Structures are given as C-alpha cells and as structure tokens.
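Trainee: Could you take me through one part of this model in detail, looking at its outer face as well as what it packs against inside?

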Amino acid sequence: MTKNLSRLLWRRYRQWFWALLGISVLAGIAIALMDTESWSHHSSVLFSDQIDQWLVYQNSKYGSVSLFSYWFVFIAWLSGLLLMMQDLKGNFNQFLFASGYPRQRIYWTKLGMALTGLVAIDVVTALVQYLIYWLKLPHGMSFNLALPGFLTTWLSGLVLALVMFAICWFAALILGQSGALVITVCGFTLSLVGLNTFFQGKTILMATRDVEWLAMELWLLAAVVLLVWGSFLFSRLSLEHDGEYLMFPRLRIPLYLVFVAYITFIFSINSGEWQPTVISFTVAAIFGYLWLWRPQLIEKWHQRRGN
C-alpha cells in the first residue's frame, strides 16, 4: 500500500523535481564559475587551514568556494511552500483523502519524498560544482578538501535548509490564502535573517564552534517541532476552510499571541526605553486583530484602493 502511495506521489511531483534539478545544476555551474574567478594564483592550496577544523567553512583569502551554497537553502524554502500549497489548491489533498490512505501515511510519505528529492538535488548539484572546481584548479594548486570543515558545513547547511523547508511547509498547511501565505512567509523569513545577525553580535564572547553547534541544535529542534506538529494538524485538516486565511480556526488565538509577542520583540530588541515597546505592542495588537478577526475590513480597504 505504501509503495502504491509512493508511486502516486512520484507521478505528482516528478516534473517539479526534474525541473528543479535542471535549474539547480545550472545555478551550481554559474556559482562555481563565479567562485573560480576569485581564486588567488599565488597559493599552493585552495582551502585555508579552517577546512581542518570542525567549523562552518568561510571564504578564505585564497578565494571563494561554495561547499554548501545558499541556493540549496532557497530551493528548500521554495519547495516547502509550493509542494504543500499546490496540493491544497489543486484539490490533490482531497483526492488523497478520498483514496483510502491514512492521513498520517500520506503526510510522512509526502514529506519523506520531498526531503529525499531535495537532498538528492543538493548532492548532484554539489558534485557538479566540485567537478568544476577541480577542473579549474590552476597549475600547482592543490584541492585540499578535508572532512572536518566539509562535514560541519554540510551539516549546518542541511539543518538550515530543513528549518526553512519546515517553516514554509507548516505555513502552507495552516494558511489558506496564497497571497497572504507568500507575504507572511517572506516577511517572517526576512525577520529571521535580521534576528540571526543580531544574535551573532550578542554571542561574540562565545567560541565560534559553540555558537555554530548551538545554532544547529536550535534550528533542528524548531524544524522537528514544526514537522511533527504539521503531522498532527494534517490529520485534522478540513477542506471546508479552504480559501480562508486560517485553515484551522482554533489556531487564531495562539497565532495572534505569537504574532504580537514576536513583532513587539523584534521592534524593541535594540531599544533601552519603554516607548518603542509600547508602540510596537499596540500596533501589532491592532493589526493582528484586524488581520485575523476582521478580514472583511482589510478586503474592503484593498477594494477601495483598487477603485
């Protein structure tokens, strides 16, 4: 039964994965060629000594090398958003629910196929990149790749890609309006980039290795929580709320509280005074109420602007 479900899902997703693989390989070739233009021809090795340490490898004075490109994080982010959203909007979930397969099996089979496909795309693209690096090596330069830096960089990158996938996957499951979903996910992702920069400054007294491994553990925990919670919600997904902002009305109050707390935090985190906190809390509370409980007011406002 699981094999039949896997075949059914593969027929659904295979065009997406093949297209994504082709685009990803082309992007990997472009990234590798741009990296090779930055290499120093006065060095005997490509990687710096950091490649021998259990740290995420950074670009060295010898030139840029993308061991794990941020492109992989982006395609994970995009796949989490589109795979779940398209199944909902294309009535594929309704077809699966009517097919007799248990919802938990559908969810985990779908998730496993998505993650396996993304990892396969990452590996193939990375191999193409590394091949270009090797072919473009200047005479006398050694390709001194070492496992500590390589494994740490890949582990950190995969965890980051996983949490970006999980955020979009979970958001696409609970939000029923495509436009609002894209705006919400893009805004939240950009805010995470800013918070990451802020906390890097706060952890400057910690060893770099400790910061990186702590970040990986926190990101991994967040991804697991979102994916497991998504499994719970998927079993209770009602297609009656399709087209509404929230597919699960009971999440309205928890989402409202999280939204107000998060917005207040990010807009007052650098302030030592109480005024920015009060202002951001008030604005977030009012906007969140209008967004979640009074969507018709916002729709009328958009209609008036359109007219």
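Mentor: Helix 5, residues 147-174, supplies three residues to the nonpolar patch, the largest share of it, and since the model is a predicted one, what follows describes computed features. The patch itself covers about 470 Å² of surface and is formed by Trp54, Leu147, Leu151, Leu155 and Trp213. Leu155, which lies in helix 5, has a relative accessible area of 37% and is therefore classed as partly exposed, because that class runs between the 20% limit for buried and the 50% limit for exposed residues.

Turning from the surface to the interior, the largest nonpolar core comprises 83 residues, and those with the most contacts inside it are Leu67, Trp169, Leu181 and Phe248. To this core helix 5 gives the most, namely 15 residues. If neighbours within four places in sequence are left aside, Trp169 is in contact with Gly80, Leu81, Leu83, Met84, Tyr107, Lys110, Leu111 and Leu227.

For a second site to set beside this helix, consider Ser268, which is placed in helix 8, residues 252-268. Ser268 has a relative accessibility of 11% and so counts as buried, the limit for that class being under 20%. Its contacts, again leaving aside neighbours within four places in sequence, are with Pro276, Thr277 and Ser280, while the C-alpha atoms of Ser268 and Val278, ten residues apart in sequence, are separated by 8.8 Å in space.

Notes
Residues are numbered from 1 along each chain as its sequence is written. This is a predicted model: local features need pLDDT of at least 70, side-chain atom pairs count only at pLDDT 80 or more; totals for chains, interfaces and linings use all residues. Side-chain values use heavy atoms; hydrogens and water are left out. Patches are made of residues with over 30% relative accessible area and no salt bridge: like charges are joined within 9 Å, nonpolar side chains (Val, Leu, Ile, Met, Phe, Trp, Tyr) within 5 Å. Accessible areas come from the Shrake-Rupley method with a 1.4 Å probe; for residues, only the protein chains shown count as cover. A salt bridge is a side-chain nitrogen of Lys or Arg within 4 Å of a carboxyl oxygen of Asp or Glu. Helices (H or I, at least four residues) and strands (E, at least two) are DSSP runs, numbered from the N terminus. Buried means under 20% relative accessible area, exposed over 50%, partly exposed in between (1.4 Å probe, protein chains only). A nonpolar core is a set of buried Ala, Val, Leu, Ile, Met, Phe, Trp, Tyr and Cys residues joined through side-chain atoms within 4.5 Å. Contact means heavy atoms within 4.5 Å.
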